[in-house]
Each structure stands twice: as C-alpha cells, then as structure tokens.
Amino acid sequence: MGKPSFLTRYATHILVIAALATPLAGWGALKAIKGNRNDISDWLPKNYPETIELRWFRQHFVADQFVIVSWDGCELGDDPSGAQDDERIAKLSKALLAVQLPAEVKGEDRAAFKSVTSARDVLRELMAPPAELSQKQAIARLEGSLIGPDGKQTCVVATLTEAAAANLRLVVGRPFKGLGLGWKKWPTSCLFQAIKSAGLNEHEVRLGGPPIDNVSIDEEGQKTLLRLAGLSAALSVALAYWSLRSIRMTFIVFMCGVMSAAVSLAAVPLLGSRMDAILMSMPALIYVIAVSGAVHIINYYRQAAADAHSVEHAPEHAIAHAWRPAILTSVTTAIGLASLLTSDIVPIAKFGGFSAIGTMTMLVILFGVLPAAMKKWPWIPPELRSKANHGAIKKDAEGPEFGARGWTLFGTFVRHHHAAVLTSCMVVIGLLCVGLPKVKTSIDLLKLFSKDAQLLKDYAWFEDHLGRIVPMELVITFPTDVQREAAPAGMAAGQMADRLTFLERLELVSRIQESLDRRLGVRGQDLIGATMSAASFAPALSGQGSGGAANSYRYVANENLAANRAGFERAGYLRVEGAEAGSRAGDELWRISVRVAAFHGIDHGELVSRVRQSIEPVLASHEASVDAMKALAQRRHGNPKGARVVVWQMDKNAASTDNMAAALASKNVRTVATTLHPGAATDEQLASFKKFDGVILGAGFPQAAMERLRLANIPILATYEAGAVRAKDDRSAVDGVHHVDVTYTGVIPVVYKAQHALLTSLVQSTWWSFATIMPLMMWVCRGLAAGFVVMLPNALPIVVVFGGMGWLGIPVDIGSMMAASIALGVAVDDTIHFLAWYRDDLKALGNRHEAVLASYRRSANATLQAGLINGLGLSVFATSSFTPTQRFGWLMLTILIAGITAELIMLPALLFGPAGKAFSLKRGAAPVPDEAARAKPRVELSALDRRRALREHGAVAA
C-alpha cells in the first residue's frame with residue numbers, strides 16, 4: 001500500500017481552518033464596506049497640481065464643502081425685516097447650527113455645520129454700510145445664487161466642519177431604507193435631524209452641493225453591493241448547478257466564491273485603504289472569477305475520473321494537472337488587473353490593485369478548500385454512474401463524455417472551413433480597429449447616476465427654481481509686489497505706477513466677473529449662473545473718468561473700502577496669506593465663485609477652456625496697461641498721471657478696449673480708442689498720433705505696421721500680445737508670483753483633469769497588459785510565433801468593445817475603462833487551459849489537427865461554462881442605478897461573449913490553418929504507434945478515443 005496523499009491526510013484539517021477563517025474574513029469584509037467613502041476631489045493623486053491647488057483653496061476659504069437645502073414654499077416675503085419669510089427658513093438655520101456630530105465621530109468640536117447662510121442674512125448685509133443697497137438692488141445681486149429668478153424662491157446654505165466632511169454618510173446621508181450594514185439601521189444623519197426639527201420631511205426637501213454628490217455616490221455603491229451582489233451570486237450559482245448537476249458541488253463552489261470575495265474585501269482595510277463606489281464592484285468580480293476557476297478545476301476532476309474509472313484519486317490528479325494552467329491564468333488575470341495601477345485616477349488604480357490581490361489569494365482557496373472538499377465528499381460526475389460500492393465508475397451507456405459529441409461536430413466544421421472562419425474574424429477585427437481612434441472619454445459627475453436618480457431630480461429643480469449650483473472657483477492672487485499699500489516707505493511715485501490700490505484691485509476682480517457673466521452667463525452662452533465675489537458686497541463703483549474730481553472720489557472710495565476689508569473677509573471672498581506661506585506672506589487672494597450649469601452638454605475640459613477664454617483678455621489688458629504705465633513713467637519723468645494715449649484695437653473688440661481704458665483711467669491716464677486699419681492709415685493720420693504720449697497696440701497688430709510707427713517716431717507703450725503671454729502663466733497657486741495671477745480650482749478642474757487622464761490610462765493599462773501577458777504566453781507556448789498567434793484571438797474582445805464604442809460614439813467612462821485590462825486577463829485564461837490539454841494531446845497523437853479536436857472536445861465545455869458564469873454573473877450589474885457599475889456590467893458581458901467566440905471559433909481556426917504550424921512538434925518528437933494501433937479503423941474513432949487506444953497498446957505511457 002502506497003503512502004496516503006497529502007489530501008487524504010489533511011483534507012479535514014484544511015476544511016476546519018477554512019471554517020474558522022471564514023468569520024474573520026467576513027468581519028474584515030464588513031469593516032471594509034462600512035468604511036465606504038467617496039470624494040471626487042480625491043480621484044487624482046495628491047501630487048497633481050489640480051489636487052494641490054484644491055487643498056490650498058480649502059485651506060483659505062470655506063470652499064466647496066457646503067450643502068444647499070430648499071423646498072417648494074421656501075420663499076422670502078416683501079418685508080425687509082424678514083417677518084413675512086417662510087418661518088421654516090429660520091428654524092432650519094437654527095437647527096443646523098445646533099445639531100451635533102454622532103458619538104462615533106471622534107474629535108473635540110462636536111458641531112456638524114460651522115456656518116449657515118440664508119438669503120435674508122446676506123440681504124441685510126448688502127443693505128447696510130458700506131454697500132447701502134436698496135432691497136431691490138440687493139435682491140438683483142443675489143439672483144441666481146441665493147434667490148431665484150422670481151425674487152422670492154430662496155435656500156439655506158450650510159457649510160460643514162472638517163470632521164463632518166470626513167463623515168459624510170453620517171452627516172448628510174439620506175435615510176437608508178431597509179437593513180444597513182451590520183444588520184442595523186443607519187442612524188438619521190445630522191442634516192435630516194435638522195430638517196425634521198424645522199418641520200420638514202425628507203421627501204419635500206431639495207438637496208445640492210458637493211457633499212451631497214459624494215454621499216450619493218456612497219449610497220449608490222452601497223445599493224450596488226446589497227442589491228446586486230446577491231443577484232449576481234444567485235445567477236452564478238444557478239449557472240454552476242447547470243454545469244455540475246449537483247447541489248453539494250454547487251454549494252462548495254458557491255462557498256469558494258464567497259470566501260474569495262470576502263478575503264479580497266478584508267484586504268482593503270488591512271492594507272490601510274478604504275472602499276469607494278468603484279471598488280464596490282470588486283468582490284463580485286472576484287466571486288465570478290473564483291467560480292469560473294472552480295469550474296475549470298472540476299473539469300480536470302471529471303477528466304481524471306473518466307480516465308481512471310475512479311474518483312478515489314481524482315482530486316489529486318485534477319490538482320496535478322490544473323496547478324500550472326490555473327496559476328498561469330491567475331497570474332495573467334492579475335497582470336491585466338494590476339495594469340490598472342498605471343492609471344492616475346485613484347479609484348481605478350485601487351480597483352486594479354486590490355482585484356489583483358484578490359485574484360492571487362483566490363488560488364489558496366481553489367487549491368486548498370476545493371480539493372479538500374472534493375476529497376472529503378467524493379463526487380461522481382453526472383455523465384458517469386456507479387459500477388460498484390468502492391468508488392469505481394464507468395461511462396454511461398449513452399456513450400461519449402458530457403457534450404463531447406456536439407463539440408466534436410462543431411470543431412470538425414471549423415476545421416473544414418477554417419480559412420473562411422478566420423477571414424471573417426479578421427475582417428471584423430479590421431473594421432472595428434478603424435473605430436479605435438474615435439474613442440472618446442467622459443467623466444461627468446451627474447452622468448454617474450441613472451436618469452431617475454433623486455440627485456438629478458433635485459439639480460433639475462434647482463436650475464428651474466433657483467439657479468445653477470455646481471461650483472467652480474477662481475482665485476485672483478495679488479502679490480505684495482503689486483499692492484500699493486505694501487510699497488516700501490520712500491518709494492518714488494513713478495516707481496509705483498504699476499501698483500494697485502485696494503479699489504483698483506476690487507475693480508479688476510469686478511471686470512473679470514463681468515467678463516464671465518457677459519460671455520458665459522445668460523446673456524452669452526448660458527453655461528454659468530450667478531457669480532459671487534467681493535464686488536458683490538461692495539457699493540456700486542463709479543468715478544472712472546480722469547481729473548481732480550475723479551481723483552478725489554477714488555481716494556475716498558479706496559479708503560472706505562480698505563476700512564471694510566474685514567467685511568469682505570467675513571463674506572468669504574478675500575483672504576491674506578499668513579506667515580506660514582513663506583515668500584507668499586501678505587499676498588491677497590480674491591475669490592470669484594462661479595455656479596455652473598449641471599446639464600450644460602459640453603465636457604468639463606471645454607467648459608474650463610471657455611472660462612479661461614473669458615478671463616484671459618481681461619488679464620491681458622491689465623498686463624498691457626501695466627507695461628504702458630511703466631513706459632509712461634519713464635517718458636514723463638516718473639509722473640504718468642494726466643497722460644493721453646491711443647488704444648489701437650485691430651479686431652474691434654470693444655471689451656478689450658474698455659478693459660484697457662478702465663485700467664488706465666484708474667491711474668488718471670486718458671485714452672482714445674481707434675480701430676483704423678494700419679494699412680489704410682495715411683501719413684497725416686499717423687502724424688496726428690504724435691500729440692499723444694504714445695499708443696498701445698491691440699491683438700493681431702501687423703509687424704510691418706509696428707515698424708512704420710517706429711519710423712514715424714510714434715512711441716509704442718505696450719502691446720496686447722506681450723500682456724497675453726504673461727496672462728497665460730500656468731504656474732501653480734503655491735508658487736510665488738510677481739504679477740496678478742488666476743487659479744482655476746474646485747471640483748470641475750479636477751474632473752477635467754481626470755477625464756484627460758482617463759484616455760491616457762486606458763491606453764497605458766492596455767499596453768502594459770499586452771506587454772506583460774504576451775511574453776508570458778510566448779513562454780507558455782514555447783515560441784515567439786506561437787505566443788503571438790494565441791494573442792490574436794485574445795485581442796478580439798477588446799477590439800470588439802472599444803472599437804464598437806468608437807463607431808457608435810459611446811464615450812469611455814470610469815466604469816468602462818476598467819473593462820479592457822480585465823478582459824484581456826480573463827480571456828487569456830481559457831487559452832491557457834486549452835493549451836494545457838493541447839500540449840498533451842499533440843504529444844500523444846502526433847497530429848496537429850487531431851490534437852486540436854481532442855483538446856477542443858475536452859476544454860470547450862469548461863470554456864463555455866466559465867464564460868457564461870463570468871459574463872452572465874457580472875451582467876446583473878447592468879441593472880445598477882450607478883452608471884459606472886452599469887456600464888461595467890454590460891461591457892463585461894459583451895467582452896466575455898466575444899472572448900468565448902474568440903476561444904471557441906477563432907483560436908481553433910488559427911490552429912487548423914498555416915499559423916498553427918507554430919505549435920507543431922519538433923522533428924522526431926511525435927510518438928509512433930505500433931502495428932496494432934495502426935490497424936485500428938481510424939474513421940470509427942474520435943481523437944480522444946484514438947489517444948486512449950494508443951495508451952492501451954503501449955505507444956504512450958499511461
């Protein structure tokens with residue numbers, strides 16, 4: 001009697017250890033899910049300029065951690081005292097300030113909201129000094145932000161504390177219906193506690209703001225896990241039962257999948273990370289991959305039982321045959337997933353990394369728990385029946401192995417028509433490749449949700465009743481070098497020609513704000529709503545002329561505004577860098593808050609570009625005026641006041657002319673505008689310019705005309721182009737600047753950068769998948785040509801999906817981007833299992849075509865079953881209300897169906913054709929059957945039966 005196998009000795013121990021470890025894995029998985037948190041601003045690496053600037057902005061301003069609450073009937077009355085306002089506005093404001101963070105949130109500050117703003121509060125401030133606006137004027141300034149177009153509809157804006165922003169689900173989450181995680185209901189969030197205290201209910205309030213966006217993603221991810229993971233598991237179990245026809249084996253396979261998924265989840269908090277909505281799809285992916293792998297191992301078990309006519313050692317033989325291809329398949333899948341680590345989009349990189357870890361840890365379960373269970377509770381495949389009570393079995397009287405006859409017929413068809421089949425596949429690939437350059441990417445926050453999501457309904461309501469609420473922030477930096485108050489004592493007046501008073505800085509901010517409103521607002525392209533800045537809280541500015549009266553007015557206005565600096569800071573639109581900023585200490589930061597349309601129909605990159613195009617002409621005009629003032633100071637012996645200049649504008653752009661004229665008028669410099677074409681100017685007209693102190697040339701001024709001005713001795717004080725060069729300076733906000741600079745920040749620039757990085761990530765991750773998997777396949781195939789050949793069908797799924805998306809104009813989003821690398825890794829799995837059979841059959845039969853048929857017959861069932869379990873198991877995610885998960889679901893189904901087609905049709909066609917010669921045995925390697933074997937009538941035997949006949953006659957070692 002031989003020594004008992006490892007499984008015979010330790011199967012029980014393995015199962016006991018698995019039973020003890022399962023609750024620990026479940027506890028870790030539960031901890032991971034409860035830690036689910038999403039923040040779009042965290043999608044990019046922390047060292048990206050966009051994320052650095054957003055952190056910098058949040059350190060200085062209240063920023064984008066605000067919640068907007070409104071409802072039908074949330075209206076202002078006509079009485080300026082607020083006595084006629086909806087009384088629930090005041091109640092809600094008071095309740096929001098009073099509500100405390102739940103006990104599980106650590107920290108000394110227990111307040112959930114650090115400030116609450118209502119329209120009535122701001123109206124009172126605008127109607128008081130220094131602005132002293134009438135109620136009608138004050139309402140007009142707040143229209144589209146805190147007050148609707150009817151002048152009555154309003155809202156309450158609550159700003160979160162830092163502790164609250166880190167616990168959004170507990171602070172602003174909607175009441176969760178049904179059981180929450182941990183088998184208990186989620187506590188009512190702080191926001192909804194205040195809403196209830198104000199006499200409102202959850203169904204009538206409308207909510208908006210970045211925290212609501214982020215917590216909505218949390219909730220959608222949670223719904224995906226709780227509602228769809230169970231459905232995915234149930235469908236996979238049903239498919240596994242259809243494949244195995246055994247409740248016991250189906251349960252074992254199910255538990256292997258659940259354990260693999262639980263371990264992958266538990267790894268997230270164990271490695272110091274946290275779940276997000278994208279990572280919520282990972283456990284389902286690991287589950288179906290584990291079930292698919294179990295089906296392949298069971299297929300080896302079936303073949304071993306059929307060959308040995310016994311299940312006694314079938315688990316050992318199955319593992320002996322399966323370990324190499326199974327490890328290779330897991331490695332290739334893990335490589336495909338790990339290639340996502342090259343993505344700069346953090347959720348995608350996390351998904352790839354943890355899914356790769358889960359794929360490798362899954363091997364421990366498939367090679368430990370599964371064979372131990374099969375050893376402990378032997379299973380007789382349905383196509384075989386018992387012959388005796390000692391585990392001996394024989395083939396069923398119905399004839400060939402399970403499904404073998406049908407696959408033999410289909411494989412024979414492919415063999416006879418391999419040229420036509422392969423040509424058809426290559427034509428499809430070629431046509432779809434044309435669509436690949438047309439692939440576009442898109443990351444739109446609101447497109448993450450289904451059309452009937454509550455968040456979208458609320459945003460549509462806000463845009464109809466109040467205004468746009470999606471935030472984008474601009475910060476205009478005035479370094480100390482340009483502040484008149486910061487000039488060193490004793491500096492000559494001429495040296496301060498380029499320095500701006502407090503009033504002049506406010507005027508420049510106002511001109512930028514007006515340019516945005518004029519170009520992108522309701523009067524322009526209608527992409528943005530209201531804008532707010534310090535100018536919104538200042539009195540109406542006048543006195544743009546020159547002369548003594550204007551100078552006196554500007555002096556008094558400047559003193560009054562400077563004295564009210566603290567009021568602008570309280571409003572949240574002005575900050576000064578402190579000593580901690582180092583060389584930037586003393587720089588002034590002026591904020592312009594822009595509210596963007598939620599449903600604008602253009603991508604974020606185009607939107608940011610249009611915002612820049614609206615602002616840069618103002619900055620260019622300012623820089624040109626600075627150059628002009630410096631030139632005038634030199635020409636007029638340090639006293640540019642009272643100078644007269646000509647602004648020569650080529651493109652008749654009145655806005656640029658007005659901006660330049662306004663900037664110079666603030667320095668008591670008079671301007672005259674002309675749009676005369678330089679080529680049409682006569683010598684007399686040019687001579688008339690000599691009575692001015694010089695000219696400023698607008699955009700597009702010809703070089704030849706500039707030479708003509710110089711020859712006529714007409715001073716060129718400045719050019720628009722030179723100002724535009726400095727205005728386009730893209731240095732980071734944390735870099736020191738020596739001129740006026742604008743920083744574009746908020747969620748929208750971050751999303752734009754993520755969208756740009758998405759396409760780069762798609763190309764990089766797919767390339768790395770090919771670059772790492774192809775050498776592995778060449779090693780498996782023992783040849784460069786053979787490895788290249790088998791990679792062709794595995795590229796088909798990627799080309800089908802992404803080429804098709806390019807042709808159909810469907811953008812690649814954060815959900816579909818993950819599918820490419822996953823598809824390549826998963827598709828290669830079936831190829832490796834096929835090659836594992838093919839290598840043995842080729843050695844046994846010595847004939848490539850017969851070996852392909854034999855391998856096809858033995859692996860096709862498992863390939864089809866695994867593909868269906870993977871594809872249909874993940875397809876339930878196509879019903880998710882979270883669009884990335886939805887897109888991921890149907891793309892994976894499409895990819896895996898394409899993968900089945902590639903493995904069962906294109907790969908055999910390749911191997912039957914001339915390309916298959918790359919897999920032929922070396923000369924002399926084919927076994928030579930003896931005379932008895934040759935005497936067998938070949939036409940009556942299948943490839944597998946012929947292999948067994950050769951074994952029986954001793955041609956091949958059994």
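**Two sheets, a helix pair and a cavity**

Strand β2 and strand β3 (residues 156–160) run antiparallel and are joined by 5 bridges. In this pair, Phe-113 has Leu-160 of β3 standing opposite. Welcome to a predicted model, which also offers a parallel sheet of 4 strands, a right-handed crossing of α26 and α29, and 7 cavities of 30 Å³ or more across the whole structure. Here is a tour by topic.

**The antiparallel sheet**

- The strands β2 and β3 belong to an open sheet of 4 strands, ordered β2-β3-β1-β4, with antiparallel pairing.
- Why is one side of β2 (113–118) and of β4 (205–208) left without a neighbour in the sheet? These strands stand at the edges and each has a single partner strand, so one side of each stays free of a neighbour there.
- On average, and with direction ignored, neighbouring strands of this sheet are turned by 20 degrees against each other.
- Helix α3 (residues 87–98) packs on the sheet and touches β1 (66–71), β2 and β3. The direction of α3 makes about 165 degrees with that of β2.
- Helix α8 (residues 190–197) also packs on the sheet, where it touches β1, β2 and β4. Its direction makes about 150 degrees with that of β4.

**The parallel sheet**

- A further open sheet has 4 strands in the order β12-β11-β13-β14, and its pairing is parallel.
- Which strands form its edges? They are β12 (670–674) and β14 (716–719), each of which pairs on one side only.
- With direction ignored, neighbouring strands here are turned by 25 degrees against each other on average.
- Inside this order, strand β11 (residues 644–648) and strand β13 (residues 694–697) run parallel and are joined by 4 bridges. Trp-648 stands opposite Leu-697 in β13.
- Two helices lie across β11, β13 and β14: helix α20 (residues 604–635), running at about 165 degrees to β14, and helix α23 (residues 703–711), running at about 160 degrees to β14.

**The α26 and α29 helix pair**

- Two packed helices are described by the angle between their axes and the distance between the axes.
- Helix α26 (residues 784–808) packs with α29 at an angle of about 145 degrees, and their axes are 8 Å apart. The crossing of the two is right-handed.
- On the α26 side, the contact includes Val-789, Leu-792, Leu-796, Val-800 and Met-805. Among the residues they and their neighbours in the contact meet in α29 are Leu-891, Ile-895, Ala-898, Ala-902 and Leu-910.
- How do the residues of this contact of α26 with α29 divide? There are 16 nonpolar, 3 polar and 2 charged residues.

**The largest cavity**

- About 250 Å³ of space lies in the largest cavity, one of the 7 cavities of 30 Å³ or more found in the search.
- Its lining counts 24 residues, and Ser-292, Gly-293, His-296, Thr-329 and Asp-829 are those nearest its centre.
- Which helices each supply at least two residues of the lining of the largest cavity? They are α11 (282–308), α12 (314–338), α13 (346–376), α27 (814–845), α28 (848–875) and α29 (883–912). Helix α29 thus takes part in this lining and also packs with α26.
- By residue type, the lining of the largest cavity divides into 10 nonpolar, 11 polar and 3 charged.

**The loop between α4 and α5**

- The peptide bond from Pro-129 to Pro-130 is cis, with omega near 10 degrees. Pro-130 is found in the loop between α4 (119–127) and α5 (135–142).
- Glu-132 has its place in the loop between α4 and α5 as well. Although Glu-132 is not a glycine, it has a positive phi of about 50 degrees.

Methods:
Residues are numbered from 1 along each chain as its sequence is written. This is a predicted model: local features need pLDDT of at least 70, side-chain atom pairs count only at pLDDT 80 or more; totals for chains, interfaces and linings use all residues. Side-chain values use heavy atoms; hydrogens and water are left out. On a 1 Å grid over the protein atoms alone, a cavity is a set of points where a 1.4 Å probe fits but cannot get out, and a pocket is an open set with protein on both sides within 12 Å along at least five of seven lines; lining residues have an atom within 4 Å of a point. Grid points are joined across faces, edges and corners, and a volume is the space filled by probe spheres set on the points. Ala, Val, Leu, Ile, Met, Phe, Trp, Tyr, Cys and Pro count as nonpolar, Asp, Glu, Lys and Arg as charged, and the others, Gly among them, as polar. Two strands pair if DSSP finds at least two bridges between them. Axes are lines fitted to C-alpha atoms, for helices over the stretch in contact, and angles run from 0 to 180 degrees between N-to-C directions. Contact means heavy atoms within 4.5 Å. A crossing is left-handed if the near helix is turned anticlockwise from the far one by less than a right angle, and right-handed if clockwise.
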